Amino acid sequence: MTGNIGSGFRSVDGELFSKLLHCLDFMNELAFFKAYKSHSWRSLLIAPEQVILDVACGTGSDLIHLAEAYRNTNFVGVDNSEKFLAIARERAACAANLKFMLGDGHRLPLVDHSVDAARIDRSLQHMENPEAVLAEMVRVTKRGGRIVTCEPDWETFVLFNGEFDDSSKIAGLFKRSIRNPFIGRELASLMNECGVKHLDAHVHTFWTNKLNDADVIFDLNKVKDQCAAAGMMTQDDADTWWALSKQASERDTFFASLCIMEVSGTTE
Ligand SMILES: C[S@@+](CC[C@H](N)C(=O)[O-])C[C@H]1O[C@@H](n2cnc3c(N)ncnc32)[C@H](O)[C@@H]1O
């Protein structure tokens, strides 16, 4: 199977870069993403003089907002994409309480117990070893500090345009292109294993009836062609699915939804 947005986030600086950047920027402007992110920021229990870490910070949109809202708190973002970090630094425009570091989530470039709280958002799903990344987040966080994670569970991914079978096949192929498709449901047990206690969870449900929005986020035009190339349906079926989806979208009856699990807790 060739790449799509689902597999592309494992290594951002390749040929899909522009598409991935557009996808992140697009999502960050949607009301749903703003709302669940705000909820997850509150779960960090940010206070003045603290240091807050965002692992896999992408283009830095969360931290740029937080650094502006909490001027007396320091923020650090780590990501393994040089291109995303270059954009983050440019957009941050030298905010004094914000810095970005190139690094791998599996080996965070920070010393033990050096931050007060750490978050990761829609990124463990793409990483080789989510438990190792969570263990790193716990290592660099002070005892009694906050760990907040937000990840989708791709078994909750639903597509519908009036037709069942091909909609399910297309959703299924996208799910399989995600490295850790069940990470949403795994968060609480992985965090508990890593020594994060007093766990609390919230489920945030995204939905849209706009095919264009779903295409930017889930790469549907490409994924339906990948289904045809993989022999899961004919190219005619794939093209018909797209045409039906367009019609449904015009009538507001297209449906795409996905749950994002937010789990927060405190280090021992
Ligand atoms: C879907 S984006 C989410 C970005 C950001 N958290 C947000 O909510 O906008 C996934 C991010 O994970 C980063 N990433 C993937 N694997 C990584 C790794 N091993 N170490 C650090 N960052 C990684 C990618 O570069 C990308 O920025």
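Q: In which strand does Thr141 lie?
A: This is a predicted model, where local features need pLDDT of at least 70, side-chain atom pairs count only at pLDDT 80 or more, and totals for chains, interfaces and linings use all residues. Residues are numbered from 1 along each chain as its sequence is written, and side-chain values use heavy atoms, with hydrogens and water left out. Helices (H or I, at least four residues) and strands (E, at least two) are DSSP runs, numbered from the N terminus. By that assignment Thr141 lies in strand E5.

Q: Is Thr141 buried or exposed?
A: Buried means under 20% relative accessible area, exposed over 50%, and partly exposed in between (1.4 Å probe, protein chains only). The relative accessibility of Thr141 is 1%, so Thr141 counts as buried.

Q: How many degrees of arc do the buried residues of H8 cover around the axis?
A: In helix H8 (residues 183-193), the buried residues are Ile183, Gly184, Leu187, Leu190 and Met191. They lie on the same side of H8 because the arc they cover is narrow enough. Taken from the directions from the helix axis to the C-beta atoms, that arc is only 95 degrees.

Q: Against which elements do the buried residues of H8 pack?
A: Contact here means heavy atoms within 4.5 Å. The buried residues of H8 pack against one helix and three strands. These are H6 (130-140), E5, E6 (196-208) and E7 (255-267).

Q: How many residues apart in sequence are the parts tied together by Lys19 and Asp219?
A: The side chains of Lys19 and Asp219 meet in a salt bridge (2.7 Å, N to O), defined as a side-chain nitrogen of Lys or Arg within 4 Å of a carboxyl oxygen of Asp or Glu. Lys19 belongs to helix H2 and Asp219 to the loop between helix H9 (211-218) and helix H10 (220-229), so the pair ties together parts whose separation is 200 residues.

Q: With which residue does Lys37 form a salt bridge?
A: Lys37 is buried, at 6% relative accessible area. Its partner counts as buried at 5% relative accessibility. The closest N and O atoms of the pair are 2.8 Å apart, and the partner is Asp62.

Q: Which residues are joined into one network by salt bridges that share partners?
A: Asp54 and Arg119 meet in a salt bridge (3.2 Å, N to O). This pair links strand E1 with strand E4, 65 residues apart. Salt bridges that share partners join this pair with others into one network: Lys37, Asp54, Asp62, Arg119, Asp121 and Arg122.
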